[in-house]
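Here are my notes on this entry. Please read them with the model open.

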Amino acid sequence: MAEMTIRDALNAALREEILRDENVFIMGEEVAEYDGAYKVTRGLWKEFGDKRVVDTPITELGFAAVGVGAAMAGLRPVVEFMTWNFSILAADQIINHAAKMYYMSGGQFNVPIVFRGPNGSAYQVSSQHSQAFEAFYANFPGLKVVMPSTAADAKGLLKSAIRDNNPVLFLEQETMYGLKGEVSEDPDFTIPLGLADVKREGSDCTIVARSFTVPQALKAAEIMQSEFDVSVEVVDPRTIKPLDIETIVASVKKTNRLVIAEESHAFASVGAEISHQVMEFAFDYLDAPIKRISTVEAPMPYARNLEIAALPSVEKIVAAIKEVCYL
Amino acid sequence: MFSKEHGFFGGHGIVGGQIGVGTGMAFAQKYKGTDNVTLCFFGEAAVNQGIFHESLNMAQLWKLPCIYICENNKYGMGTSQARAMSTSDIASKAEGYNMAGEFVDGMDVMAVREATLRAVERARKDGSPTLLEIRAYRYMGHSMSDPGKYRTSEEIKKYQERDPILLFQESLKEAKVFTDKDFEEFTAKATAEVDAAVKFADESPFPDESALFTDIYAD
C-alpha cells in the first residue's frame, strides 16, 4: 500500500495497463508532451512514446471516432476528454456509435474503450466547464458509467474499465485530483464495476453520494454523530451504470431514511433514478420522504459566492439529514 | 450489415459517422503494423459534416492508411449538391489537408479500379491516405417514401444510358472477353442469388423476444 493522490492513482492505473496489454493506448488533447491538462498522464509519453500516448488536435468528435474505430479493430483506447463538457461535441460517437455497435453488429464487434476526464465543477470555470454528465450518458443502454471518489477506487475502477469489453465512461472530478488515500500497488488490484461501497457504516440515516459529494457526506456524517448523536451510513455507488441498487436498498432497509447528495442538476438526475428505485424496492421501509441535495437549477455562474451557493455542501447535507430525521 | 469474417464494419445510420470510425480502423492497422488499408465509403452529403474534415485532418497528420471514397450521386436525400455545397468539386477538398485527391468517373468500372489501386499503393507505401471522389448517380429514390420530385425523368434517363454495368459489358464484348450469352448467364445467376436471398428473408421467422436484450453488453 502507498499513500497517493487520486491523480497519481489514475496515472498508476494507466501505466500498469499500458505495460500489461500492448493494445492499450491513451489519446486526447495535451495528454502526451504537455503531460495532461490536469497531469493525470504525467510522464507516460516520456516513458512510452508517441505510439502509446497520442496527442490529438482539438477535435473531440474526430478523436472519439478514431477511438471507436480502433476499438472495433481490436485495440483498447483510453480517450481523455480535457473535461466532460467537451464530450458533447463527441456525443454522436459515444451514443450513436460506441454504445450501439455491439448490438447493431449482432455481437460481432464490441467496443472496448474508456472515455475519461473530469466531470462537474472546478473552481470558477463557469457555465460551459462545470457540468455533470452522468445522468445524460447513463440513460443509454450499451454504456457503463463510473465515478470514483477515492484514490483506491480511482485506480481499481480505472483498471477494470480498461479491461472491460464495453464502452466505459469514467467520470473524475477536477477538485478531487489532489485528494490522498491508501492505494494498493499490486498490478493485479482491481475493483469490479457495478459494486457499491459503504464508505461509512451507520444505523439512523443513509446518504447516497458519489464523486464530489462523498467527502461532503462523510463530513456531514461526522457532524451528525458528534452534534446530534445520529448515526449516518454513507453509500457510494461508484458505478452509476450498472447501478448496485441492492446495496443501497439494503442500507435503506436498515436506516429507514435516505438523503441523496449529487453534484448534478436535480431534474431527471441519477438521484431521481435512485429515488425511484428505492421507492419501488423499499417503499414500506421509509420513515420519511427521500431528500435530495443537488446542484441548483441554473447554469453555473462565475462568481465564487454564487458557485458555492449553486453546489451541494456539507451544510446542505446536514440540513437534509436533520429534515429526514425530523430534527 | 456487418461481417467480421469479411472485414466489413457496417452499415451505419448517421451520415458521416463512419468516416471517423473508419479512420480509427486505419489507425489500428498502422498501430498493429499490418499492411492492411481501410476503404471508407460515404456519400457527397456527408462531406458537409464536421466529422469528414476532422477525420481527413487526422489521417493526413498521422499518415493513416485510409482511403476515403466519396460516392457523389449528386443528391443528399432530396437536396441536390448544388443546393447544399459551396463548391461542386469534392476531390479538391483533399488539398485543404495536404492529402492526395482524385476525381474518378464512377460510370467507368476500370477507372474506379485503377484509382483505387493507386490509392491502396499510396497507403501501403508510406501510409498516406487518399480522397477519391467517384461521380456516380442514383436511379432510385433515397428511400421507399421518396417520390423523387426534385429531378426530371430525362435526367435519370441520361445517366441510365451511361450505366456502369452496361458500359463495362460493351467494353468487355468489344475486347471479346465475354459474349452476350455469357452475360445472360451472369445475369441469370445473379438474379437467382438475389431471389434466393429475398426468399430466405421472407421465410425466416421474426426474432424471439429474448433477442431484444442480447448483445447490449459484451462479457
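The points below cover confidence, chain B, the contact between the chains, and one helix pair in chain A.

1. Confidence. This is a predicted model. It scores ipTM 0.95 and pTM 0.96. For chain B the mean pLDDT is 95. In that chain, 100% of the residues reach 70 or more. As a general caution, coordinates should not be read in detail where pLDDT is low.

2. Make-up of chain B. There are six helices and six strands in chain B. Read from the N terminus, the order is α-β-α-β-β-β-β-α-β-α-α-α. The chain thus opens on a helix, and three helices stand at its end.

3. Extent and burial of chain B. Along the principal axes, the C-alpha atoms of chain B fill a box of roughly 50 × 50 × 40 Å. The chain has 219 residues, and 28% of them are buried. Take the contacts in chain B with a separation of 6 or more: 71% of these join residues 24 or more positions apart.

4. Contact between the chains. How many residues does each chain bring to the contact? Chain A gives 32 residues and chain B gives 28 residues. On the side of chain B that touches chain A, the elements giving two or more residues are helix H1 (17-31) and helix H2 (50-62) of chain B. H1(B) supplies the largest share of that side, with 10 residues. By class, the side of chain B that touches chain A holds 13 nonpolar, 11 polar and four charged residues.

5. Geometry of a helix pair in chain A. Helix H1 (residues 6-20) of chain A packs with helix H7 (residues 151-163) of chain A. Their axes lie 8 Å apart, at an angle of about 30 degrees. Angles under 35 degrees count as roughly parallel, so H1(A) and H7(A) are roughly parallel to each other. Which hand does the crossing of H1(A) and H7(A) have? The crossing is right-handed.

6. Residues of that helix pair. From H1(A), the residues that meet H7(A) are Ile6(A), Ala9(A), Leu10(A), Ala12(A), Ala13(A), Glu16(A) and Glu17(A). On the H7(A) side they meet Ala151(A), Ala152(A), Ala154(A), Lys155(A), Leu158(A), Lys159(A) and Ile162(A). The contact of H1(A) with H7(A) has 10 nonpolar and four charged residues, and no polar ones. Among the charged residues here are Glu16(A) and Glu17(A) in H1(A), and Lys155(A) and Lys159(A) in H7(A).

Methods:
Residues are numbered from 1 along each chain as its sequence is written. Chains are lettered from A and ligands numbered from 1 in the order in which they are written. This is a predicted model: local features need pLDDT of at least 70, side-chain atom pairs count only at pLDDT 80 or more; totals for chains, interfaces and linings use all residues. Two residues are in contact if their C-beta atoms, placed from the backbone, lie within 7 Å. Helices (H or I, at least four residues) and strands (E, at least two) are DSSP runs, numbered from the N terminus. A residue is buried if 20 or more other C-beta atoms lie within 10 Å of its own, exposed if 12 or fewer, and partly exposed in between; C-beta atoms are placed from the backbone. pLDDT is the predictor's confidence in each residue, from 0 to 100. Axes are lines fitted to C-alpha atoms, for helices over the stretch in contact, and angles run from 0 to 180 degrees between N-to-C directions. Angles under 35 degrees count as roughly parallel, over 145 as roughly antiparallel, 65 to 115 as roughly perpendicular and the rest as oblique. A crossing is left-handed if the near helix is turned anticlockwise from the far one by less than a right angle, and right-handed if clockwise.
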